[in-house]
Amino acid sequence: MYVPPGEVTNDMLGRIMDTSDEWIVQRTGIRKRHLVDGAGTGSLELGVKAAEAALSNGSLAPSDIDFVIFATMTPDLYFPGNGGMCAARLGMKNTHALDIRMQCAGFLSGLQVADAFIRAGVYERVLLVGAEAHSGLMPWPRHVWDVLWGNSEGPCDPEWYQKLTGMRDRAVLFGDGAGAMVLEANDTGDGRGFLGFVMETDGTQWDKLHVPGVGCRFRPYISHDMVDALGGVPIVEGRQVFRMASQLMPAAVNSVLAQTGRTLADLDLLLMHQANLRINEAVQKQLGLPDEKVFNNIQKYGNTTAGTLPIVFHEARTEGKVKDGSLVVFTALGAGVHWGAGAVQM
Ligand code: UT7
């Protein structure tokens with residue numbers, strides 16, 4: 001995993017919008033997040049650093065990788081996607097790369113795609129990256145960032161303070177960060193690997209989480225008016241997304257366990273997308289799981305969208321919660337609306 005060095009506490013956000021540590025912790029569990037300071041570094045850079053860490057962790061060279069999958073909803077450029085540039089930055093030559101745009105379900109989808117390609121014998125070893133630079137979605141001018149980082153004493157320009165307060169329900173949720181995994185074929189017959197996935201989409205709910213402006217149905221696809229009207233800032237119907245996530249993620253976990261002939265009693269660890277600690281507590285409660293069978297780290301990173309699952313997996317593993325032979329289930333729900341679960345025998 002990799003997160004940019006700049007840490008933003010809830011109190012720091014209170015310098016540029018009407019919010020408080022108390023509100024954010026109570027409603028979301030988030031205490032801080034990492035954000036990129038300034039233009040120039042995007043999700044590609046964060047993803048490359050996570051990919052390098054994953055390769056080094058597996059004692060692998062870029063030439064060992066047959067296929068790259070890059071999941072992000074905050075790509076460096078409108079096109080091309082980050083995947084090919086990531087492969088090039090790692091020094092790969094002619095390695096095919098696929099870009100996934102599945103928002104908070106991006107990494108989970110990537111796991112399913114990687115597993116399917118490996119099972120089909122198309123590729124042997126796949127590098128999967130999930131990375132986001134949400135700070136790029138925040139259209140705040142430099143003087144606002146300077147107040148946030150404490151480079152300028154402030155106070156924040158009142159017009160921007162008001163605009164930011166209008167987007168505070170979203171601005172406090174997201175963090176920048178990346179994670180990566182290498183998945184490889186296992187022909188030993190020892191039963192280790194992904195056992196199955198349950199993936200679903202309800203496109204009628206697209207408007208519950210979306211970016212209203214910037215797109216090729218507009219002429220031109222981006223305009224000054226659009227930017228001034230904050231058309232590049234995501235819209236989140238918070239309560240409805242909260243409800244969907246806390247109902248659909250447990251249903252997906254139950255389905256994937258049933259599909260793979262396992263039960264909740266067999267489950268060793270549930271790793272959930274990190275959008276809101278309260279959502280994850282509701283999921284845990286619905287499934288009746290004890291604390292030792294779940295692991296969350298949204299408190300430190302906020303919602304890093306396609307980055308959450310690999311980041312939470314990395315930290316759970318580092319803390320010794322992912323043991324050889326344990327049954328781990330990943331679950332996520334994101335804009336689309338896409339959701340699902342994948343079960344893996346470690
Ligand atoms: O991965 C998917 C991405 N996103 C999500 O999954 C989001 C899921 N939803 C949520 O996490 C929660 O719905 C939120 C954290 C976004 C919002 O929490 P909520 O408990 O649903 O609050 P609310 O939007 O109903 O707002 C309650 C009040 C409002 O004030 P009034 O109208 O009652 O006076 C908001 O203006 O809280 C206010 N509020 C805030 N106050 C301080 C909203 N955001 C903030 C804030 N600081 N950051």
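Before I start, one cut-off: I call a residue buried when its relative accessible area is under 20%. I also keep in mind that this is a predicted model.

**Entry 1: strand β12**

I began with β12 and asked which of its residues are buried on each side. On one side I found His338, Gly340, Gly342 and Val344, and on the other Trp339, Ala341, Ala343 and Gln345; all are buried, leaving both faces covered. Eight of the eight residues of β12 are buried, so the strand is largely enclosed by the rest of the structure.

Next I looked up its partners. β7 pairs with β12 in the antiparallel sense, over eight bridges. One of the partnerships I noted joins Thr201 to His338 of β12. β12, residues 338-345, also pairs with β11 in the antiparallel sense, again over eight bridges. Here Leu333 has Trp339 as its bridge partner in β12.

**Entry 2: strand β11 and the hairpin**

I followed the chain back to β11. How many of its residues are buried? Eight of the eight are, so β11 too is largely enclosed by the rest of the structure. Leu327, Val329, Thr331 and Leu333 point one way from the strand, while Val328, Phe330, Ala332 and Gly334 point the other way.

The hairpin of β11 and β12 has three residues between the strands, and I found that Gly336 takes a positive phi there, near 150°. β11 also runs parallel to β10, joined to it by four bridges. Met272 has its bridge partner in β11, namely Thr331.

**Entry 3: the largest nonpolar core**

I turned to the nonpolar residues. In soluble globular proteins, nonpolar side chains tend to be buried together. In this model the largest nonpolar core has 30 residues, and those with the most contacts inside it are Leu111, Leu183, Leu271, Val328 and Phe330. Several elements supply at least two residues each, including β3 (67-71), β5 (125-132), β10 (269-272) and α13 (308-318). Which element gives the largest share? I found it to be α5, with five residues.

There is another core apart from this one, with 27 residues, among them Leu209, Met244, Leu327 and Ala341.

**Entry 4: two residues of the core**

I picked Leu111, whose place is in helix α5. Is Leu111 buried or exposed? It is buried, with a relative accessible area of 0%. Leaving out residues up to four places away in sequence, Leu111 touches Leu128, Met181, Leu183, Phe194, Phe197 and Phe330. I also checked Leu111 against Met249: they are 138 residues apart in sequence and 17 Å apart in space, C-alpha to C-alpha.

Then I looked at Val328. Setting aside neighbours within four places in sequence, I found Val328 in contact with Leu267, Leu269, Leu271, Val322, Gly342, Ala343, Val344 and Met346. Gly342 and Val344 are familiar from one side of β12, and Ala343 from the other.

**Entry 5: a pocket and a cavity**

I looked up the second largest pocket, which has a volume of about 1100 Å³. It is lined by 34 residues, and the closest to its centre are Met181, Val182, Leu183, Glu184 and Met346. Which strand supplies the largest share of the lining? That is β6, with five residues. α3 (43-57), α5 and β12 are among the elements that each supply at least two. By class I noted 17 nonpolar, eight polar and nine charged residues in this lining.

For enclosed space, I found one cavity of 30 Å³ or more. The largest cavity has a volume of about 50 Å³. Its lining is made up of Leu35, His134, Ser135, Met138, Trp140, Ala171 and Phe174. Five of these count as nonpolar and two as polar, with no charged residues.

**Entry 6: helix α6**

My last stop was α6, residues 142-149, which is mostly covered, with six of its eight residues buried. Those six are Val144, Trp145, Asp146, Val147, Leu148 and Trp149. What do they pack against? I found β1 (7-9), α1 (10-13) and α7 (158-166). After the helix comes Gly150, which has a positive phi, near 85°.

Terms used: Residues numbered from 1 in each chain as written. Predicted model: local features only at pLDDT ≥ 70, side-chain atom pairs only at ≥ 80, totals over all residues. Heavy atoms only, no water. Core = buried A, V, L, I, M, F, W, Y, C linked by side-chain atoms within 4.5 Å. Buried < 20%, exposed > 50% of the residue type's maximum accessible area, 1.4 Å probe, protein only. Contact = heavy atoms within 4.5 Å. 1 Å grid on protein atoms, 1.4 Å probe; cavity = no way out; pocket = protein on both sides within 12 Å on 5 of 7 lines; lining within 4 Å. Points joined across faces, edges and corners; volume = space filled by probe spheres on them. Nonpolar A, V, L, I, M, F, W, Y, C, P; charged D, E, K, R; others polar. Pairing = 2+ DSSP bridges.
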